[in-house]
Amino acid sequence: VQIAGEMEKYAANMRHIRLLAVYGGSSIRTQQTAMRKGVDILVATPGRMMDLARRGDVQFDALQTLVLDESDEMLNMGFLDDVREVLEQAPDGMNTWLFSATLPKPIEKITKEFMEDPIRVQIGQRNMASTQVEHFAFLTTRENRYKGLRRLIDSSPGMYAMVFCTTKVETQETAEALIGDGYTAAALHGDLSQQQRDLVMHAFRTKQVRLLVCTDVAARGIDIPNVDYVINYDIPHDSESYVHRIGRTGRAGRHGEAILFVTPKEQSLFFKFTGLTTYLFHIMVEMGQWP
């Protein structure tokens with residue numbers, strides 16, 4: 001929806017361009033009706049696009065360009081079959097574009113299956129965090145993280161932040177705990193319906209909600225230029241996830257702060273994820289028993 005909205009702005013003076021966004025959680029019949037009127041640019045999630053294709057509503061024989069945004073995620077095993085099915089039906093000579101903030105080596109190998117003599121354009125260092133973002137780590141125990149999160153929020157009145165958790169359950173529980181303690185918070189995760197996600201995102205964009213507690217589903221693609229803080233309540237699984245998470249702040253030339261809660265055993269991961277030669281490591285002595 002976000003990408004389709006931006007493309008509509010670009011095409012504002014091109015009246016002949018027909019653009020449509022299709023995705024799960026919304027009426028497929030409405031989307032079928034729109035497809036049958038003809039579409040020049042289709043912005044789609046893989047699942048809904050292939051659902052429409054299997055119903056005969058999407059034709060690939062005239063496809064000129066295929067863009068895979070967040071291509072590292074699109075080419076993982078969850079989406080690989082759908083991508084391959086599209087490419088098998090697409091005509092020869094079609095252009096394929098891959099966009100991503102990170103490109104892990106296993107994914108880079110997969111691209112060779114789909115592309116012939118590709119040209120690579122790289123901006124910045126490979127899989128590295130933005131230089132517009134200042135990185136902080138807070139050393140604590142898992143039992144004291146929530147107390148630390150509250151202290152962090154209280155230290156910056158009016159904080160506008162995204163708080164990342166690893167699981168849907170912890171995301172929901174953390175959001176509910178914050179709400180119960182009087183903070184304006186909301187949860188965003190995969191168990192919400194599309195309508196619920198839209199309502200949560202609208203509330204966050206308009207700052208009715210100032211703390212968005214989310215899983216990694218929100219780390220990719222969401223463009224809210226004035227998010228001041230990204231808080232990693234849970235340490236991510238890998239450096240690529242860290243890059244995507246903190247990419248929600250420090251956007252469009254703005255300064256941002258990325259904060260990571262770590263246990264003593266996890267300290268080395270902070271250095272690995274940030275890729276920094278020096279970093280500021282804050283120790284919250286009152287939150288834990290660590291010297």
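This report walks through a predicted model of one protein chain, from its overall make-up down to a few individual residues.

## The chain as a whole

Let's start with the big picture. The chain has 291 residues, and 43% of them are buried. Its secondary structure comes to 11 helices and 11 strands.

How much surface does the chain expose? About 16,300 Å², with carbon and sulfur atoms supplying 52% of that area. As for contacts, take those with a separation of 6 or more: 69% of them link residues that sit 24 or more positions apart.

## Strand β3 and its partner

Strand β3 covers residues 65-69, and its two faces don't look alike: L66 and L68 are on the covered face, while T65, V67 and D69 are on the uncovered one.

Which strand does β3 pair with? That's β4, residues 95-99; the two run parallel and are joined by 5 bridges. If you'd like to find the pairing on screen, try T65 of β3, whose bridge partner in β4 is N95.

## R150 and the residues it touches

Next up is R150, which you'll find in helix α7, a helix spanning residues 145-154. Is R150 buried or exposed? Neither, quite: its relative accessibility is 32%, so it falls between the 20% and 50% cut-offs and counts as partly exposed.

Leaving out residues up to four places away in sequence, R150 touches D181 and Y183. Y183 is 33 residues away from R150 along the sequence, yet their C-alpha atoms are 9.3 Å apart in space.

## Two residues with positive phi

Now for some backbone angles. Most residues other than glycine have a negative phi. D117 isn't a glycine, but its phi is positive, at about 50°. K207 is another non-glycine residue with a positive phi, this one about 65°.

Where do these two sit? D117 is in the loop that runs between α6 (105-114) and β5 (133-139), and K207 is in the loop between α9 (194-205) and β8 (211-214).

Their surroundings can be described by accessibility too. D117 has a relative accessible area of 67%, which is over 50%, so D117 is classed as exposed. K207 comes in at 34%, and therefore counts as partly exposed.

Key. Residues are numbered from 1 along each chain as its sequence is written. This is a predicted model: local features need pLDDT of at least 70, side-chain atom pairs count only at pLDDT 80 or more; totals for chains, interfaces and linings use all residues. Side-chain values use heavy atoms; hydrogens and water are left out. Helices (H or I, at least four residues) and strands (E, at least two) are DSSP runs, numbered from the N terminus. Buried means under 20% relative accessible area, exposed over 50%, partly exposed in between (1.4 Å probe, protein chains only). Contact means heavy atoms within 4.5 Å. Two strands pair if DSSP finds at least two bridges between them. Accessible areas come from the Shrake-Rupley method with a 1.4 Å probe; for residues, only the protein chains shown count as cover.
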